[in-house]
Amino acid sequence: MSSLKSNRKIWLGIETSCDETACAIVTSDLVVKSNPLYSQYNEHREFGGVVPEIAARAHLEKIHPMIAAALTEANIGLADLDAIAFTRGPGLMGPLLVGASFARGLAKDLGIPAYGVNHLEGHIAAAYLSNPGLKAPFVALTVSGGHTELIFVEPGFQYTLLGRTRDDAAGEAFDKCGKLLGLGYPAGPLVSREASNGNRKFFAFPQGLRGEDQCEFSFSGLKTAVLRYTEENSPEFIRTNIRDICASLEEAIVDILVKKTGIALRRTGARTLVLCGGVSANSHLRSRLTDACKRQQVQFCPPALAYCTDNGAMIAAAAILRDRDDLLQDQWEVKPWLPLA
Ligand code: KG4
Ligand code: ZN
């Protein structure tokens, strides 16, 4: 029996929706005891993007070692677990199936419950791990490889979609544009690294739906503009000016995210902003939102860097938060956020 055991429940969180095999041990008071993950970058690099079948196979290989690592790091055994939370969706079908089957099988074997968690609710829950006083209502800006959404979150897990991208997600824009500029995979963090000392005004890349006073996004025009830019300029020019080009690209993405978030805050009157999803690791976005929130006297709640990209702790956290309010059901429906009436 571990020293963790008290009146706190011990949760195992499992995330396998895309290209990270992630497991975590989290106690019901939202203390993360371990959060190891395996990133499948090497498996997908040569294809320049995630290949679902390869991802599913890699999850199958890594899920057991990752669970073992999570238990060892937390200094507990399987018998100490009280419940399991796993990502039910949205995500890639094969990878999701691996996590769900493993979680359900293990839970059955141990005689404990397993609960399916909405991945996007998991990203929002990550903010609670780093901001213990966080309470709804708040606006959440969810920016990942697959999603870009502004959501109004009210008590009782009531979600209202204020706006989302009409085409590419912000992370996808980082990745695809970075790839066009000759950076590696995944390009998001590499664009950000190049951008850190660059001139953000070097080139004015377009910002989709900039002039419209609503919370919708569009990033496909940016991708086309970057493609045109690479056709009109020599590879030598791109290489020489890569820092300034990346800084300008990052500015185009971040500036529109900040602008639309401001609209969402005004529209809802919310005094708290949560930032989440993989792109929330972007330091320029974090710094611009920190400044904007300070100016508008809004409390800013980003997740710690370890909880920005996909991880097991956020999945456990989502289940724990629902469990606290007695609103946890197995297999709750994975549906898109409710559209604004
Ligand atoms: O949330 P996440 O791990 O997976 C999805 O649910 O999609 O997000 C991954 C996305 C990728 O597009 C990646 O390039 C982007 O987050 N990302 C970043 C940074 N770190 C991760 N984008 C910009 N700057 C970063 N520092
Ligand atoms: Zn994600």
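1. The side chains of T87 and E15 make a polar contact at 2.6 Å in this predicted model. A polar contact is a pair of N or O atoms within 3.5 Å; within protein, one must be able to donate a hydrogen and the other to accept it, and residues adjacent in sequence count only if both atoms are side-chain atoms.

2. T87 belongs to strand β5 (residues 83-89). Helices (H or I, at least four residues) and strands (E, at least two) are DSSP runs, numbered from the N terminus. T87 is buried, at a relative accessible area of 1%. Buried means under 20% relative accessible area, exposed over 50%, and partly exposed in between (1.4 Å probe, protein chains only). Setting aside neighbours within four places in sequence, the residues in contact with T87 include E15, L96, H119 and I315; contact means heavy atoms within 4.5 Å.

3. H119 is also one of the protein donors of the zinc ion (ligand 2). The others are H123 and D310; the donor atoms are NE2 for H119 and H123 and OD for D310, lying 2.0 to 2.1 Å from the ion. Donors are N, O and S atoms within 2.8 Å of the metal (3.2 Å for Na, K and Ca); water is not among the atoms, so sites may look incomplete. Along the chain the donors follow the spacing H-x3-H-x186-D. H119 lies in helix α4 (residues 119-130) and D310 in the loop between β11 (299-301) and α11 (312-324), so this pair ties together parts 191 residues apart in sequence. Both H119 and D310 are buried.

4. The chain is divided into domain 1 (3-126 + 307-324) and domain 2 (133-305), with bounds from an automatic or database domain assignment. Their C-alpha centres lie 27 Å apart. In contact are 19 residues of domain 1 and 22 residues of domain 2.

5. The two domains bury about 1600 Å² between them, 70% of it on carbon and sulfur atoms. Buried area is the accessible area (1.4 Å probe) that two parts lose on being put together, summed over both. In domain 1, L120, I124 and C308 lose the most area to domain 2, together 40% of what that side buries.

6. Between domain 1 and domain 2, 6 residue pairs are in polar contact (both at pLDDT 80 or more). On the side of domain 1 that touches domain 2, the elements giving two or more residues are α1 (41-44), α4 and α11. Of these, α4 gives the most, with 5 residues.

7. Residues are numbered from 1 along each chain as its sequence is written, chains are lettered from A and ligands numbered from 1 in the order in which they are written. In this predicted model local features need pLDDT of at least 70, side-chain atom pairs count only at pLDDT 80 or more, and totals for chains, interfaces and linings use all residues, while side-chain values use heavy atoms, with hydrogens and water left out.
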